[in-house]
There are 2 protein chains.
Amino acid sequence: MTSRRRAEFPSPCRTALDESLEPELFQALCDPVRLSLVAHLAASGRALTVTEASQCCGIHFSGVSRHLALLKRAGVVRAEKHGREVHYRLEVGALTSTLRGLADALEACWDEGQRARA
Amino acid sequence: MTSRRRAEFPSPCRTALDESLEPELFQALCDPVRLSLVAHLAASGRALTVTEASQCCGIHFSGVSRHLALLKRAGVVRAEKHGREVHYRLEVGALTSTLRGLADALEACWDEGQRARA
DNA sequence: AGTAGACTTGCGCAGATATGCAAATATTAG
DNA sequence: CTAATATTTGCATATCTGCGCAAGTCTACT
């Protein structure tokens, strides 16, 4: 069975793309409050406590706590407990390489698809 | 008024970050069906009709039509009407540069924040 | 004109999500 | 040990979202 049919089956770039498109990350970033938190964390250049983070968005800190927990589950932030406060730090490296990896995977797939059509 | 206080006010990189973090894109990409559509469009390397696109995800084509319309509003895809069918094409260029721009903005803000703390 | 095909849109429903408040759980300070 | 502080979690509510179906548009074909 050669490549008579145009790849509808796992081409390597398609696999890479599917991995990059894991919904968790985007679900984590699809809320405006969470985006504010990410921006705030990025701009601070350090870890923030829940109370500090709460100041960037007009909602109750319990909500912020939930949002940060969600961002943590998605791998966007990292939590470090210091005494009675929890410091949330943006995972800049992981986040940026995921985003760039996604851009690369999109381009690779698109190019391959176009080449296959030529 | 010099920089005695650590920038809580519009630093250029923070402005760039806020622009990159527009919620629309992430809201568009936060749904698993829409992610499948994006992957399918990317892998196809061409424009797909609604009916074609519907084949990648197990839902009714009216839902797919809505999803594609939403992706269009977010600038993820482009619609071209040809006769009675509508061809949706992934905006690869725009998408990849947005993603890379976001990664750059995150890094820039983080680095600036760290330098300010030093 | 009339029919068939491709897509969009109105509607109602079911499930998910965000939010505030209050109570529970640490952990530090006195 | 008790009080105070920081965070998480249970609960109720309000809102949003995705879905299928059916009806409506628009275009092509005969």
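**Exercise 1. A tyrosine and DNA strand C**

Find the part of DNA strand C that a polar side-chain atom of B:Tyr88 approaches, and give the distance.

Solution. Start at B:Tyr88 in this predicted model. A polar atom of the B:Tyr88 side chain sits 2.7 Å from an oxygen of the strand, and this oxygen belongs to a phosphate. Next, move to B:Val50, where a backbone N or O atom is 3.3 Å from a phosphate oxygen of DNA strand C. Then look at A:Ser62 for a contact with a base: an N or O atom of the A:Ser62 side chain lies 3.2 Å from a base nitrogen of DNA strand C.

**Exercise 2. The surroundings of DNA strand C**

Work out how many residues surround DNA strand C and which are the closest.

Solution. Begin with the count, which is 22 residues. Now pick out the closest: A:His67 from chain A, and B:Thr51, B:Ser65, B:Arg66 and B:Tyr88 from chain B. On the DNA side, 62% of the strand C atoms that come within 4 Å of the protein are in sugar and phosphate.

Go on to the elements. Chain A supplies at least two residues from each of helix H3 (32–44) and helix H5 (61–73), and chain B does so from each of helix H4 (50–54), helix H5 (61–73) and strand S3 (85–90). H5(B) contributes the most to this surface, namely four residues. Sorting the surface near DNA strand C by class gives six nonpolar, eight polar and eight charged residues.

**Exercise 3. Over to DNA strand D**

Describe the surface near DNA strand D, naming the element that gives the most to it.

Solution. First list the nearest of the 22 residues around this strand: A:Thr51, A:Ser65, A:Arg66, A:Tyr88 and B:His67. Then turn to the elements, where H5(A) gives the most, with four residues. By class, the surface near DNA strand D holds six nonpolar, eight polar and eight charged residues.

Now check which atoms of the strand take part. Sugar or phosphate makes up 59% of the strand D atoms within 4 Å of the protein, and bases make up the rest. Chain B offers examples of both kinds. A polar side-chain atom of B:His67 is 2.4 Å from a phosphate oxygen of DNA strand D, and a backbone N or O atom of B:His60 is 2.8 Å from a phosphate oxygen of this strand. For a base, see B:Arg66: an N or O atom of its side chain lies 2.9 Å from a base oxygen of DNA strand D.

**Exercise 4. How the two chains are related**

Determine what turn and what shift lay chain A on chain B.

Solution. Turn chain A by 180° with a shift of 0.0 Å along the axis, and the RMSD to chain B is 0.1 Å. The two chains are therefore related by a two-fold axis. Both copies use the same surface, as 100% of the contact residues of chain A recur in chain B.

**Exercise 5. The interface between the chains**

Find how much area chain A and chain B bury between them, and then explore what makes up the interface.

Solution. The buried area is about 3,300 Å², with 73% of it on carbon and sulfur atoms. In this interface, 38 residues of chain A contact 38 residues of chain B.

Next, count the interactions. There are four salt bridges between the chains; one example joins the side chains of A:Arg100 and B:Asp104, at 2.8 Å from N to O. Eight residue pairs are in polar contact across the interface.

Finally, see where the chain A side comes from. At least two residues each come from helix H1 (12–20), helix H2 (23–29), H3, strand S3 (85–90) and helix H6 (92–117) of chain A. H6(A) has the largest share, 15 residues. By class, this side of chain A has 22 nonpolar, seven polar and nine charged residues.

How values were computed: Residues numbered from 1 in each chain as written. Chains lettered and ligands numbered in written order. Predicted model: local features only at pLDDT ≥ 70, side-chain atom pairs only at ≥ 80, totals over all residues. Heavy atoms only, no water. Near = heavy atom within 4 Å. Polar contact = N/O pair within 3.5 Å; in protein donor to acceptor, adjacent residues only side chain to side chain. Nonpolar A, V, L, I, M, F, W, Y, C, P; charged D, E, K, R; others polar. Least-squares fit on C-alpha atoms with pLDDT ≥ 70 in both. Contact = heavy atoms within 4.5 Å. Buried area = accessible area lost by both parts, 1.4 Å probe.
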